[in-house]
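Trainee: I would like to go through this model with you. Please show it first.

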Amino acid sequence: MSKVSVCFVCLGNICRSPTAEGVFRHLVGEAGLGDRIHIDSAGTAAYHAGESPDPRSTEHAARRGIRLAGQARQFLAKDFERFDYVLAMDAANFLELQRQVKSETARKRLFHCRDFDGASPKGASVPDPYYGGETGFEEVLDLCEAACRGLLEHIRREHLA
Ligand code: 4NP
């Protein structure tokens, strides 16, 4: 059975998208759907390529029992061929990803991550926590949890029912 594949995309792939990846993996694991959903993340920029998630993101996630892993990599236009859902963490990265859309299939695969949170305004962003304080990392986790719960419901309904 083919897997539904999901890639979360932020700027550096060290804070927001690895957090969303870890949160979603945690929820998918709890739901027993690990063998049905492939989960990855990437950044539109390459400056942190090869790095582990930011230790602040890792520490805040660990407090909630969520493990962050993986090495940062840059999103490539051809990733639109590999992933059913390309989830932009903010509006700026959505625009950059939109620039890389070259087909109708790709266009249909690009989403604002927070649009899967029914309580979130359309096109809303997960704010960049990189230059801010500790509360920013907690907010990223809260927003990722809400969006990822909605995303899992959506995937169950659309693909796994
Ligand atoms: P991310 O956060 O996009 O959530 O991984 C950032 C990481 C690094 C930088 C900006 C945002 N930076 O400017 O280096």
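Trainee: By class, how many residues in the lining of the largest pocket are nonpolar?

Mentor: This is a predicted model, where local features need pLDDT of at least 70, side-chain atom pairs count only at pLDDT 80 or more, and totals for chains, interfaces and linings use all residues. Residues are numbered from 1 along each chain as its sequence is written, and side-chain values use heavy atoms, without hydrogens and water. Ala, Val, Leu, Ile, Met, Phe, Trp, Tyr, Cys and Pro count as nonpolar, Asp, Glu, Lys and Arg as charged, and the others, Gly among them, as polar. In the lining, two residues are polar and two charged, and the nonpolar ones number eight.

Trainee: How many residues of the shell around the ligand are nonpolar?

Mentor: A residue is in the shell if one of its heavy atoms lies within 4 Å of the ligand. Among the residues around the ligand are Asn13, Tyr47 and His48. The shell divides into three polar, two charged and, for nonpolar, seven.

Trainee: Which residue has a side-chain N or O atom 3.4 Å from an oxygen atom of the ligand?

Mentor: A polar contact here is a pair of N or O atoms within 3.5 Å. Leucine 11 offers a polar backbone atom at 2.9 Å from a ligand oxygen, and cysteine 15 also has a polar backbone atom 2.9 Å from a ligand oxygen. The side chain at 3.4 Å belongs to aspartate 128.

Note on methods
Polar contact = N/O pair within 3.5 Å; in protein donor to acceptor, adjacent residues only side chain to side chain.
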